[in-house]
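User: I would like a careful, connected reading of one part of a model, written for someone who works at the bench. Please take the model as it is shown here.

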Amino acid sequence: MNAPVKVQDRFHEVQLESKDYREDLSSFWCPGCGHSGVLTSFLRTLAEIGIKPENLMSISGIGCSSRLPYFVKSYKMHTLHGRAGPVATGAQLARPDLAVVVTGGDGDGFSIGGGHMPHMARKNVNMTYILMDNHVYGLTKGQTSPTSHRVMKGSVTPFGAVEEPLDPIMYMLTYGATFVGQAFAGNVKLASQLIKEGMEHKGFSFINLLSHCPTYNEINTAKVFKADCEKLDVGHDVTDVNVAMQVVQNAKAEGRIPTGLFYRVERPTLDERMAELVTKVGGHKEYDLRKVIDLARP
Amino acid sequence: MKKNDLIIRVGGEGGEGVISVGDFITQACARAGLDVYTFKTFPAEIKGGYAMYQLRASTEPVYNQGDIFDVLCVFNGEAYENNKARLKPGHALVYDCPGDFTPDIPEGVHAYPIPMTQTAKELNNVRAKNMVAMGALSVLFNIPEASLREVLTSKFARKGDAVVQGNLTAFERGQELARALNKTDPWAIGTPKADPNRDVVVMSGNNAIGLGALIAGVEFFSAYPITPATEVAIYVAKHLPKRGGTLIQAEDEIASISQVLGASYAGKKAMTSTSGPGLALMGEMIGMAFMSETPCVIVDVQRGGPSTGLPTKHEQSDLFIAVHGGHGDCGRIVLSVENVQDCVALTVTAFNLAEKYQCPVILMSDGSLAFSTQSIPYPDPASFTIVNRERWDGNGEYNRYKLTDSGISPMVDPGTPGGMHIATGLEHSPKGTPSYAGENHEIMQAKRFNKLKAVVNDVPLTEVDGEGDADIGIITWGGTIGVVREAIQRLRAEGYKVKGFYPKLLHPLPVEQFEDFGKGCKRILLPEVNYLGQLAHFVRAETTLRPESYTICGGLPFTPEMIVKRVKEMLA
């Protein structure tokens, strides 16, 4: 039996420019939105890995960031709030030979969709999850999100947020994602490099892109993100989760936002394990069902 | 007195082999050529608790679990206490003696004490208590012995000769003990008619749904464990890898239906199975399936609700949520099964309709049917028609939601050059581009709903049981159909003018067929196992019929006798 085609085998099949992957649809985002930087980085990555547009499935949930697939030439699904992850999991398992990229926001991924995050990570679904983390709900006009700073005033928190934010990076390291990185969305070079490595990575890659919201977030501005983001020393052992966690925690303790690649390990993907199962039982599409039905004869 | 139709109930402590005895007798009867229908209740406890297995075997077709047992076999005092109120003069009672209880046997009951526990102990095989009981039952009630031996031998074969022999010895001891008794009751299983062409399988409703899915060509299955639906996933998990397919256990029901949609978009036939609480969670994604025209099959094995409700009990109370669950004006197809044979056939139909109409299809079963085993004709996979979604031919520009006469727009699998598009929950133009224009919304809603008008033509005509005019027409759905079939036979035998109407397509409701049935009936009775009268509500809303509801929600199905009684009261 031939080894199944993995999406990573299908890179470098075409030579296109990043503009060739851009759908002819005008931008949805406010002028100066960090999400435009994410789109630029993503399109650049697609050109670099040379994937045919029809071999990409771009899947999102609901929110400002979840509009991104509309601007990318690909097969795509614009699903429900918080559900991009499981929809993408189903699509990826159905077609392991196609690239699957999820884009979504901090509210979409870590509030309403928070219950799905650990399972994509631990199951090691072979796809890339790009969190466009602007620490605020934009589409509903300015409420605090699970990553908002505690002091942030939102429309539903006029006296300031009363909750501590969660850290998507520590979360993903804890739940077993096999590729974890972070960048400032305005740093297209680092962001596109991480997306590229994430897509090349066989397994669940999580990339947090800190993306400023010029309309509803006055705290985490582009200027602040840029000043606080410090690229991590690439010297640390990216295969040791404890070291990765320590590096991230140390940087945070010093008031810096760590960026770069924190963690990358290889482990069998969910679709590989499913394929193994089929091989183990000698499964094939033409298997005679009468053998199954005969088991129910009295 | 009934002839050739016997109902045996076996009760005892969970783990004592009650279920095995029931299964063995059921298999043996089916093997010998009898029609079988079983009904079980499981203890809510993980271990121990009262377990009950009722089996009905007949030389004639059986449609339900029957009114009440003819023979009660109890392994302990708890089982006796649970059933003693139902023991009536003429019934036979087989009980463990000496056991943990001394029954105060009602007058007229034929009692047969059998030292089940003691004999098993004497044989140094305490686990074989149930085999002693089975041996006694076989002699007392003419259960086909040769078949019973074959079933016993083949079921224990993988545990080795010693286990087979140990159980056979206990079985034979039970037979000897029964032969020494003086049989006073009239009960015996009839001798099956010889039919050389008879070819049957014995399956539970849940397994049959799994088999139907395999026959339909399911390629992707995702589910979350929930009583009483889990066995569907268990069956599919065992066999789907043989067909190269994928089954995944999701983190919750929202994830399972989401994964199903993702897989279906990616070109695979996909399904999930759940019960009411899971169906409630799936509502939003069912809306997305309708809006984005993504085929999917959702099996709902109903249980007692609302909320956590009565997880292990029988109820038909999810019709409202199946038909209207979710927000906005949201279409779907709802099918409902009567019996195990339907579980196979209508699951295939559900896939065919989902593929053809590109919409969610909900298949409704229930907690009794889930575990009921029945003998059904061998379901030859080649005898089923399989429908696959219409796919784009690759010519011209591709518009995913192209307006067509049928309302059905060809789909395309990801990876196909030229077919790129977005599947979105936002209202969209025929091309798939988001559009909030009022006029477009009207056009697209009409497209999605109009296509469903043809569904009625793809489902067999609703069965009408009986001819001519009737004083009472009985409409019902799901497992209650089998109960009504028998009630109507009995009523007719007594000269009553009654007819039955057994819809399996519950949404869109085949309104004209309802109207036609109603024309010949003076009054209409609609029994269903829920509090609100859910099907009656839809019949009143969508047809000119005015059914009289008969609802129960005590955790058990109707019996034929209950329907007979109600009809007689109506006509008194």
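What is the mean pLDDT of chain B, and what percentage of its residues reach 70 or more? Please then look closely at chain B, including the place where β15(B) pairs with β2(A).

Analyst: This is a predicted model, in which local features need pLDDT of at least 70, side-chain atom pairs count only at pLDDT 80 or more, and totals for chains, interfaces and linings use all residues. Residues are numbered from 1 along each chain as its sequence is written, while chains are lettered from A and ligands numbered from 1 in the order in which they are written.

Chain B has a mean pLDDT of 96, and 99% of its residues reach 70 or more; pLDDT is the predictor's confidence in each residue, on a scale from 0 to 100. The model scores 0.97 for ipTM and 0.97 for pTM.

The contact between the chains takes 43 residues from chain A and 50 residues from chain B, two residues being in contact if their C-beta atoms, placed from the backbone, lie within 7 Å. On the side of chain A that touches chain B, the elements giving two or more residues are β2, α2, α9 (270-280) and α10 (290-294) of chain A, and α2(A) gives the most, with 8 residues. Helices (H or I, at least four residues) and strands (E, at least two) are DSSP runs, numbered from the N terminus. By class, that side of chain A divides into 24 nonpolar, 11 polar and 8 charged residues; here Ala, Val, Leu, Ile, Met, Phe, Trp, Tyr, Cys and Pro count as nonpolar, Asp, Glu, Lys and Arg as charged, and the others, Gly among them, as polar.

Strand β15 of chain B belongs to an open sheet of 9 strands with mixed pairing, in the order β9(A)-β10(A)-β7(A)-β8(A)-β4(A)-β3(A)-β1(A)-β2(A)-β15(B), where strands pair if DSSP finds at least two bridges between them. The edge strands are β9 (229-231) of chain A and β15 (422-424) of chain B, each of which pairs on one side only, and the twist from one strand to the next averages 20°. β15(B) and β2(A) pair in the parallel sense over 3 bridges, with Thr424(B) opposite His78(A). On its other side, β2 (residues 75-78) of chain A pairs with β1 (residues 56-60) of chain A, in the parallel sense over 4 bridges; Tyr75(A) is the bridge partner of Met57(A) there. Helix α2 (residues 84-94) of chain A packs on this sheet, touching β1, β2 and β3 (99-105) of chain A, and its direction makes about 175° with that of β3(A); such angles run from 0 to 180 degrees between N-to-C directions, with axes fitted to C-alpha atoms, for helices over the stretch in contact.

Chain B also has an open sheet of 5 strands, mixed in pairing and ordered β16-β18-β17-β20-β21. Its edge strands are β16 (463-465) and β21 (548-551) of chain B, each pairing on one side only, and neighbouring strands are turned by 25° against each other on average, direction ignored. Within it, β17 (residues 470-475) and β20 (residues 521-528) of chain B pair in the parallel sense over 4 bridges, and Cys521(B) is the bridge partner of Ala470(B). Helix α15 (residues 480-493) of chain B lies across β16, β17, β18 (498-502) and β20 of chain B, running at about 165° to β18(B), while helix α16 (residues 511-519) of chain B touches β16, β17, β18 and β20 of chain B, its direction making about 125° with that of β20(B).

Elsewhere in chain B, the axes of α7 (residues 205-216) and α8 (residues 230-239) come within 8 Å and cross at roughly 45°, which means that α7(B) is oblique to α8(B); angles under 35 degrees count as roughly parallel, over 145 as roughly antiparallel, 65 to 115 as roughly perpendicular and the rest as oblique. The residues that meet include Ile209(B), Ala213(B) and Leu214(B) in α7(B), and Val232(B), Tyr235(B) and Val236(B) in α8(B), and by class this contact has 6 nonpolar, 4 polar and 1 charged residues.

Some backbone details remain. Most residues other than glycine have a negative phi, and most peptide bonds are trans. A cis peptide bond, with omega about 0°, joins Cys97(B) and Pro98(B), and Pro98(B) sits in the loop between β5 (92-96) and β6 (110-114) of chain B. The bond from His507(B) to Pro508(B) is also cis, with omega near -5°, and Pro508(B) lies in the loop between β19 (505-507) and α16 of chain B.
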